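Hi,

Here is the structure I promised to send over. Have a look at it first, then read my notes underneath.

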Amino acid sequence: MLTDYQELGLNKFLINNNSPMTRPVVINSVNFDSQFDTSAVSIDKLNKNSIFKLSSKLVQGTFTIGTNTQLTINSLTTFSKRKEVRSMALLSDLYITQRDDTHVWNSVSLKGDIGTNAVANTKFVATMGQRENQLNNNKIGATFQITNDGTASNDYILDTRLSYIPVR
Amino acid sequence: MRKAYFLGEKFLALVDLPDDKEINVSIRHNGELVGEPNELPVDKETADFIKENKNEVVLDITNNKIIKLTKEEKSPNI
């Protein structure tokens, strides 16, 4: 945007009145294209053909664990039809005793029928690593650790969704 | 993959996971890492038996078989 200083009465001080000085455009929020406004980022603005699709892979297992016992499961998933994947989120549900919506340990409202001792004496960790995927682009490693610190054996059912981006 | 893990003859855990993954299982009992637990592949029938009688099973180490304890033999620590 070209402008001059006529309104300030300063143009007479310019060396060449035919090529008035320019002053920088004042940048304010109106000058930004709305696509850079975070509130304007929506599904409609995404080019769905150019972004990677998020996929997921299910990991399910059942475990019967004795008292005072901690089970650690290191799992490595190989994507044979993909050369490169990138891990995203690991969503995990741990059911105790049986698999239904009143036995989800890591929930607020869905653990109604789990015994108090089982709830209090269970520890659960689920995490994905990054190094294995860096070294082998079509592999994703995940670790699950279930601890039964209670006074009785328990049945645990693990239902996880490993989400990833298929890069190529 | 369906395996039962024992510390000596004492039942620790039954693991049932899909076969299409590389799995490494490690176990701690009373806070101590169980270096080489007795690991026994089990069929579905045996796995169901363990689930039903998990407080009353031990491993017959000599014959590598899972046996059910009587009430008198039942270990209080399992």
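Below is what turned up, going from the overall layout to single side chains.

Before anything else, please keep in mind that this is a predicted model. For chain A the mean pLDDT is 79, and 70% of the residues reach 70 or more. One stretch to treat with care is residues 27–34 of chain A, where pLDDT stays under 50. The model has 3 contacts beyond four places in sequence for that stretch.

Now the layout. Chain A has 2 helices and 6 strands, and along the sequence they come in the pattern β-β-β-α-β-α-β-β. Of its 168 residues, 35% count as buried. If you take the contacts in chain A with a separation of 6 or more, 67% of them are between residues 24 or more positions apart. As for the surface, chain A exposes about 10,800 Å², and carbon and sulfur atoms supply 51% of that.

Next, look for the sheet that both chains build. It is an open sheet of 5 strands in the order β4(A)-β5(A)-β2(A)-β3(B)-β4(B), with antiparallel pairing. Which strands stand at the edges? They are β4 of chain A and β4 (32–33) of chain B; each has a single partner strand, so one side of each is left without a neighbour in the sheet. At the chain A end, β4(A) and β5(A) pair over 7 bridges in the antiparallel sense. If you want one pair to find on screen, A:M128 has A:A142 in β5(A) as its bridge partner.

The two chains also share a core. The largest nonpolar core has 31 residues, and those with the most contacts inside it are A:F63, A:L71, A:L162 and B:I27. At least two residues of this core come from each of β1, β2, β3, β4, β5 and β6 of chain A, and likewise from each of β2 (10–16) and β3 (22–29) of chain B. A second, separate core has 11 residues, including B:L40, B:V42, B:A47 and B:V57.

Last come the charged side chains. Side chains of opposite charge can pair when their charged atoms come close. Over all chains, the structure holds 7 salt bridges. Three of them are worth a visit:

- A:E84 and A:R168 meet at 2.8 Å, N to O. A:E84 lies in the loop between β2 and β3 of chain A, while A:R168 is in the segment after β6, 84 residues apart. Buried or exposed, what is each partner? A:E84 is buried because its relative accessibility is 13%, under the 20% cut-off. A:R168 is exposed because its relative accessible area is 52%, over the 50% cut-off. A:E84 and A:R168 are also linked with A:R86 in a network of salt bridges.
- A:D159 and A:R99 meet at 2.5 Å, N to O. This pair joins strand β6 of chain A, which holds A:D159, to the loop between β3 and α1, which holds A:R99, 60 residues apart. A:D159 is buried at 13%, whereas A:R99 is partly exposed at 45%.
- A:D149 and A:K123 have their closest N and O atoms 3.2 Å apart. Here A:D149 sits in the loop between β5 and β6 of chain A and A:K123 in strand β4, 26 residues apart. A:D149 is partly exposed, with a relative accessible area of 34%.

Happy to go through any of this with you.

Cheers

Key
Residues are numbered from 1 along each chain as its sequence is written. Chains are lettered from A and ligands numbered from 1 in the order in which they are written. This is a predicted model: local features need pLDDT of at least 70, side-chain atom pairs count only at pLDDT 80 or more; totals for chains, interfaces and linings use all residues. Side-chain values use heavy atoms; hydrogens and water are left out. A salt bridge is a side-chain nitrogen of Lys or Arg within 4 Å of a carboxyl oxygen of Asp or Glu. Helices (H or I, at least four residues) and strands (E, at least two) are DSSP runs, numbered from the N terminus. Buried means under 20% relative accessible area, exposed over 50%, partly exposed in between (1.4 Å probe, protein chains only). A nonpolar core is a set of buried Ala, Val, Leu, Ile, Met, Phe, Trp, Tyr and Cys residues joined through side-chain atoms within 4.5 Å. Two strands pair if DSSP finds at least two bridges between them. pLDDT is the predictor's confidence in each residue, from 0 to 100. Contact means heavy atoms within 4.5 Å. Accessible areas come from the Shrake-Rupley method with a 1.4 Å probe; for residues, only the protein chains shown count as cover.
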